[in-house]
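Student: I am new to this structure. Can we go through part of it in questions and answers?

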Amino acid sequence: MLQCHVKGCNANNFPLELQEVVLEEQEAELNEDFLRNMLGKLEYEALVATCLKLNIQDLPPTIPEDAAYNDDFLQKLHHALLETHVITGKMVCPNCQHTYVIRDGIPNMLLAEHEV
Amino acid sequence: MSRPEHLAPPEIIYGGDEAKKYTANSRIAAIQAEMAGRALELLNLPEGFPGYILDIGCGSGLSGEVLEEAGHIWVGFDIAPAMLEVALEQEASGDLFLQDAGQGMAFRPGTFDGCISISVLQWLCNADKASHHPKQRLQRFFSTLYSSLRRGARAIFQFYPENDDQIQLIMGVAVRCGFEGGLVVDYPNSKKAKKFYLCLFAGQEVPGMQQQLPRGLGEEEMGEPQEGGVSYTSKKRTGRVSSNKRRPLKDKNWVLKKKEQARLKGEKTASDSRYTARKRRPQF
C-alpha cells in the first residue's frame, strides 16, 4: 500500500522492500466485505512478492478468478493483510534506497528537508 | 480561544506528558469522539459497508475508536511520536504511521474510501521551521491526498480557522489540487458549538454527477428564503438619489396643484405657461 514519496522518486518506487523484519501475528475478525472491497485496490503481484520475502507462502501466485467468493483464498488474504504485523524492520525504496525505519509497528515516514 | 499552534510545533506540544493528559481528559475525548462521529456522518459511506479510512492526525486514536465502532478499518498517521506511543498503549486497532502531513503521504493511488481529520488543518497553516512554506505544504498535502483517495471518495476535515484568509487559503489550494466541495458550518450562530468542517470530494464516482454538499447542523432557519418571506433582489432604488441639499417644499408641482384647486373654486387664476413657478434671477 505504500510507495516512496521522496521528491523526484517517481518511477519504480513500489513496492517498498522489507528488510530485517520481526513479525507478529495478531488475530483479527474476518471481514469478507472489506476484503472484497480491497481486492480491486491491491497490486496483487507486489503483495505476493512481499509475502514470499516474509516467508508467507500460502498465497497463490495469481489471483483466482472467483476471488471474491473463494472462502479459502479470502482467509489467506485476510491472514496476510490484517493478521500479520511488522513490529520492527526497515522499508527500503527500490529506486532511491531511502530507508524507512519501523519501530514498535510504526513506520517512520518523515523525510529530511531536502527530500520534500 | 487558546491556539496551541501559535506556541510550538505539534510534535512538541503533544510530546511526553501532554499526550497522556490529552488522552486521559474525558472532556477532550468526548469532543473528539463527537467531531469524529459527525465527520463520519459527513463522509456519507453506504450503510454496512466496511471502508478503508485514513485518519490524518490520528493522535492517540480517539477518532479511530469511532471509526472502529462503525465497522471500518482505519489507518492513521500523526507527527507526534508521543501521541502514537499512547495509541499503542491503548491498543488502537488501526495501523499507525509517523508522518508529517505537510510532506505529503506515501500511499498508493486510490487506496482509501474516505478520509477524516480532526483539528489538524490549522497546524498546517503555520511555519514552524525556516523551510516551511504553508502554501507549499498545503499544496503537497492536498495533491498527495487527492491521489490516495478513491474516485468519488470524500475527505472531511474538522478545523479551527483563525480567520477568513486562512479558509480562503486552504480552500484555494484544495480546489487547485482537484477537489470539489466546500465548507460546512455546524451551529453557525453559536460561539462555542460552532464547528467548521471542510468537506471535499475527490472527483466524481459517476462522471457528470455532482455531489451535494451536506447541510450544517443548527442552520435550518437559515436556508433559502421561504415562500412569502423577504426576497432579496439586486434592483436599484429608483427615484432621485437623496442628497444633503434641501429641496424646496413649494416646487412647480405644488404651484400647479394650487392653481388647479383655485380654478375649480372659480377664482381668477393666471393661465399656466413656461414661466409658471420658474425661479427668479437673484437681481430681480
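Student: Which residue of strand S3 of chain B stands opposite B:Asp78?

Tutor: This is a predicted model. In it, strand S2 (residues 73-78) of chain B pairs with strand S3 (residues 95-98) of chain B in the parallel sense, over four bridges. Opposite B:Asp78 in S3(B) stands B:Leu98.

Student: Which helix makes a β-α-β unit with S2(B) and S3(B)?

Tutor: The two strands pair in the parallel sense. The unit they make with the helix is right-handed, and its helix comprises residues 81-89 of chain B. That helix is H5(B).

Student: In S2(B), what is the bridge partner of B:Ile56?

Tutor: Strand S1 (residues 52-56) of chain B and S2(B) pair in the parallel sense over five bridges. S1(B) and S2(B) also belong to a right-handed β-α-β unit, together with helix H4 (residues 62-69) of chain B. The partner of B:Ile56 in S2(B) is B:Phe77.

Student: How many of the six residues of S2(B) are buried?

Tutor: A residue counts as buried under 20% relative accessible area. S2(B) is mostly covered, and its buried residues number five.

Student: Are H3(B) and H4(B) parallel, perpendicular or oblique to each other?

Tutor: Helix H3 (residues 26-43) of chain B packs against H4(B) with the axes 8 Å apart, at an angle of about 45 degrees. Angles under 35 degrees count as roughly parallel, and 65 to 115 as roughly perpendicular. The angle fits neither range, and H3(B) and H4(B) are therefore oblique.

How values were computed:
Residues are numbered from 1 along each chain as its sequence is written. Chains are lettered from A and ligands numbered from 1 in the order in which they are written. This is a predicted model: local features need pLDDT of at least 70, side-chain atom pairs count only at pLDDT 80 or more; totals for chains, interfaces and linings use all residues. Side-chain values use heavy atoms; hydrogens and water are left out. Buried means under 20% relative accessible area, exposed over 50%, partly exposed in between (1.4 Å probe, protein chains only). Two strands pair if DSSP finds at least two bridges between them. A crossover is right-handed if, with the strands pointing away from the viewer, the path from the first strand over the helix to the second runs clockwise. Axes are lines fitted to C-alpha atoms, for helices over the stretch in contact, and angles run from 0 to 180 degrees between N-to-C directions. Angles under 35 degrees count as roughly parallel, over 145 as roughly antiparallel, 65 to 115 as roughly perpendicular and the rest as oblique.
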